[in-house]
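Q: Please pick one part of this structure and examine it closely. Then work outward from there, and give the reasoning behind each call.

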Amino acid sequence: FRSASSAKTVAALWQNYPALFEHFSQAASDPTRSKSEQVTYQGLANRMSTQTFVKNLALMYDALEELADISRHLQRRDINVLEANRLIAREVVVLKAFQDGKGPHMQKVLEKPSCFMGVPLYQGRKSDVEINANKFFLYLAEKLEDRLLTSNKGFPSSSELLEHFKALNPTYWPDSVNICHGDDAVCYLCSHFNLSSSNCLKDMREYFENGGKQVPQDLKPLL
């Protein structure tokens, strides 16, 4: 939820950038405002019109938009472990691709670095620090990789766990399915998650019989 909220905030700043810059610029020369207010608004306008600010804004927009998107997918009621693992793996690839400035918003900024949405940009001061896109996106990608079931930092024996989950997914069932196919996987997973194996085994066979079209009640915790 936090990434989605942050993404909306950055999106609002991005979309209203010209209007905000104009507002701050006008306020800086507004004679009805105090000197301190004028100085504050001028400082905001100056900071917004630096190349560093706009690049950092684009970078954060690209990152937060991706994280908010995968967060929404992972919160779906119908998501399962295999699908979640696949989505995370794909997002890792996307974030690593963004290391070289390939995010959609960063590309827009780099097309014309001297002007953004009609606002002329200047280089700024030495104190204006540009976020290192390479390190930033690599860090995000590595943090997501830690959540993968194939990661050594995931669950104990996480690769084995992933293989057992595959036995419950109709996509991975062989063409000729034995009614007892998946029994070992169900027992392993029930032991791992402290569930009743007898109930799950009964429902697993029912799941096979209906061709994986409807998940029986006791099997739902595993799917």
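A: Contact here means heavy atoms within 4.5 Å of each other. The model is a predicted one. The part to examine is helix α10, and the rest follows from there.

Helix α10 runs over residues 197-209, which makes 13 residues. From its first C-alpha to its last it reaches 18 Å. At 1.5 Å a residue, 18 Å is also the expected span, and the two values are close. Its buried residues are C200, L201, D203, M204, Y207 and F208. An aspartate, D203, is thus among the buried residues. What covers the buried residues of α10? The cover includes α9.

Two of these buried residues also belong to a core. C200 and L201 sit in a second, separate nonpolar core of 17 residues, which also includes L82 and C190.

Just after α10 comes G211, with a positive phi of about 70 degrees. Further on, D218 is found in the segment after α10. D218 counts as partly exposed because its relative accessibility is 33%, a value between the 20% and 50% limits. This residue reaches back to the helix: leaving aside neighbours within four places in sequence, D218 is in contact with N199, C200 and D203. C200 and D203 are both buried residues of α10. Q26 is another matter. D218 and Q26 are 192 residues apart in sequence, and their C-alpha atoms are 64 Å apart in space.

Now the covering helix, α9, residues 183-193. D184 lies in it. D184 is called exposed because its relative accessibility is 65%, over the 50% limit. Its C-alpha is 9.1 Å from that of A167, with the two positions 17 residues apart in sequence. Leading into α9 is the loop from α8 (158-166), and S176 has its place there. S176 is exposed too, at a relative accessible area of 68%. The C-alpha atoms of S176 and V39 are separated by 76 Å, and the two residues are 137 apart along the chain.

Next, the cysteines. Why do C187 and C190 not form a disulfide? The closest cysteine sulfur to that of C187 is in C190, at 6.7 Å, which is too far for a bond, because a disulfide needs the sulfur atoms within 2.5 Å. By this rule the count is zero disulfides. C187 is partly exposed, with a relative accessible area of 35%. C115 is partly exposed as well, at 22%.

The other core has its own set of helices. The largest nonpolar core has 36 residues. Those with the most contacts inside it are W14, Y17, V54, L95, V109, F116 and F137. At least two residues each come from α1 (2-15), α2 (17-28), α3 (35-48), α4, α5, α6 (104-111) and α7. The largest share, nine residues, comes from α4. V54 shows how such contacts run: not counting residues up to four places away in sequence, it touches Y17, M48, V109, F116 and L121.

α7 makes a useful comparison piece. Helix α7 covers residues 133-145, so 13 residues should span 18 Å at 1.5 Å a residue; its end C-alpha atoms are 18 Å apart, which agrees. Its buried residues are A133, F137, L140, A141 and L144. They cover an arc of only 100 degrees around the axis, so they lie on the same side of α7. What do they pack against? The buried residues of α7 pack against α4 (51-74) and α5 (81-97). N132 caps the N-terminal end: one of its side-chain oxygens lies 3.0 Å from the backbone nitrogen of N134.

Two further sites complete the tour. M117 sits in the loop between β1 (115-116) and β2 (119-120). M117 has a positive phi of about 55 degrees although it is not a glycine. Most residues other than glycine have a negative phi. M117 is partly exposed, at a relative accessible area of 31%. G43 is placed in helix α3. It is partly exposed, at 36%. The C-alpha atoms of G43 and K112 are 23 Å apart, for a separation of 69 residues along the chain.

Note on methods
Residues numbered from 1 in each chain as written. Predicted model: local features only at pLDDT ≥ 70, side-chain atom pairs only at ≥ 80, totals over all residues. Heavy atoms only, no water. Buried < 20%, exposed > 50% of the residue type's maximum accessible area, 1.4 Å probe, protein only. Helix = DSSP H or I, 4+ residues; strand = E, 2+ residues; numbered from the N terminus. Expected span 1.5 Å × (residues − 1). Arc of directions from axis to C-beta. Polar contact = N/O pair within 3.5 Å; in protein donor to acceptor, adjacent residues only side chain to side chain. Core = buried A, V, L, I, M, F, W, Y, C linked by side-chain atoms within 4.5 Å.
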